[in-house]
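User: I am new to this structure and would love a close look at one part of it, the nonpolar core and the sheet around it. Could you walk me through that part?

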Amino acid sequence: MTARTTTPAASEFSAATYDRLLDDVLASFEHAPDPRARQVLQALVRHAHAFLREVRPSLSEWAYAVDFLTRTGQQCSDTRQEFVLLSDVLGLSMLTESINDSDIEAVTDSTVLGPFHMTKSPPRALGDSIDMMGTGTPCLITGTVTSAAGRPLAHASVDVWQCDENGLYDVQAPDRIPAGHGRGLFRTDADGRFAFRTIVPSHYPIPTDGPVGELLKTADRHPYRPAHIHFIAAAPGHRDLTTHIFIQGSPYLDSDAVFAVKDSLVTELVESQDPELATRYGLIVPFHHGTIDLVLAPAIPEVSRHAEESDRAG
């Protein structure tokens, strides 16, 4: 996409004509039976028209934009989600997470899902390894899942996934990395505890061979994410929590390409020489050990949810 060097000549459209076009488009959605759909569509139209009136794209620029979005969709597959990646690098995923984050102080901060939660994690027993290759630095992750009031949540699900020591997810290199490597679905014990063995993940670049990479190159932005492990924790009566632990000392903690780092989620992986812990989990000292406590917010009752949606609809 080349930079515009001149402003296009003013069209015969006056401001009043632009406003009339906007009013006509807004009116076309006025009878949408779902008030939330009506609110969303009309807001989208208002902001999109304001954007175009500000940047005044040429016809070739508009064609490029349409082509960019078309290619973004075409890049998506069962194992790659380019639109999620686009949302991530524009900060839209993080903004949506922040809007929907719990306002309960005790609850663990959420962060982005990311584009690699594309396949189901294999169920694993507590203490199992999600490392199917044995080529990285051994690591033990232990933690708990509790309610905001501090009650252990027994049998909560904990879905985890991460890249390998070279910064690749299984779906990125299926010819070299076994499906399910770096992934696991666990259930907490009666005290809300979980544990699994893995390897220390690496920082890595997000995929740059598609439209999102093109965008980053245009903006002279780097594609890197700091090292992290993904979690989704879920329990009946509670809101699902999507979060990470970011590895302390990793490069790019201060410039994550998808803007997902929160200070509360930065976790140290400590080198451990603990023989009892090593024996319990089938490890050899030394190994790295990290902990995370996942605190879930209570579910929003349906009555409150409907009231919240009505308030948004105005």
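Analyst: Happily; here is a walk through the core, then the sheet, and then some charged pairs. Please keep in mind that this is a predicted model.

Let's begin with the core. The largest nonpolar core holds 23 residues. Those with the most contacts inside it are Ile 141, Val 145, Val 158, Phe 194, Phe 196, Phe 231 and Leu 294. Two or more residues each come from strand 1 (138-147), strand 2 (157-161), strand 4 (193-199), strand 7 (228-234), strand 8 (241-247) and strand 11 (287-296). As general background, nonpolar side chains tend to be buried together in soluble globular proteins.

Ile 141 makes a good place to pause. Setting aside neighbours within four places in sequence, Ile 141 is in contact with Phe 194, Ala 195, Phe 196 and Thr 198, and also with Ile 229, Phe 231, Ile 245, Leu 269 and Gly 290. There is also a second, separate core of 21 residues, and among its members are Phe 116, Leu 216, Ala 260 and Leu 265.

Now for the sheet. Four strands make up an open sheet with mixed pairing, in the order 4-1-11-10. Strand 4 and strand 10 (270-272) are at the edges with a single partner strand each, so one side of each has no neighbour in the sheet. On average, neighbouring strands here are turned by 30° against each other, direction ignored. Strand 1 and strand 11 run parallel and are joined by nine bridges. One link to the core shows up here: Val 145 has Leu 294 in strand 11 as its bridge partner, and both residues are on the list of those with the most contacts inside the largest core.

Finally, the charged pairs. The whole structure contains eleven salt bridges. One of them joins Asp 101 to Lys 262, with the closest N and O atoms 3.0 Å apart. Asp 101 sits in the loop between helix 5 (92-100) and strand 1, while Lys 262 sits in the loop between strand 8 and strand 9 (266-267), so this pair ties together parts 161 residues apart in sequence. Lys 262 counts as buried, at 16% relative accessibility.

At strand 4, Arg 193 meets Asp 189 in a salt bridge, 3.0 Å from N to O. Arg 193 is partly exposed, with a relative accessible area of 43%, and Asp 189 also counts as partly exposed, at 21%. Elsewhere, salt bridges with shared partners join Asp 67, Arg 71 and Glu 214 into one network.

How values were computed:
Residues are numbered from 1 along each chain as its sequence is written. This is a predicted model: local features need pLDDT of at least 70, side-chain atom pairs count only at pLDDT 80 or more; totals for chains, interfaces and linings use all residues. Side-chain values use heavy atoms; hydrogens and water are left out. A nonpolar core is a set of buried Ala, Val, Leu, Ile, Met, Phe, Trp, Tyr and Cys residues joined through side-chain atoms within 4.5 Å. Buried means under 20% relative accessible area, exposed over 50%, partly exposed in between (1.4 Å probe, protein chains only). Contact means heavy atoms within 4.5 Å. Two strands pair if DSSP finds at least two bridges between them. Axes are lines fitted to C-alpha atoms, for helices over the stretch in contact, and angles run from 0 to 180 degrees between N-to-C directions. A salt bridge is a side-chain nitrogen of Lys or Arg within 4 Å of a carboxyl oxygen of Asp or Glu.
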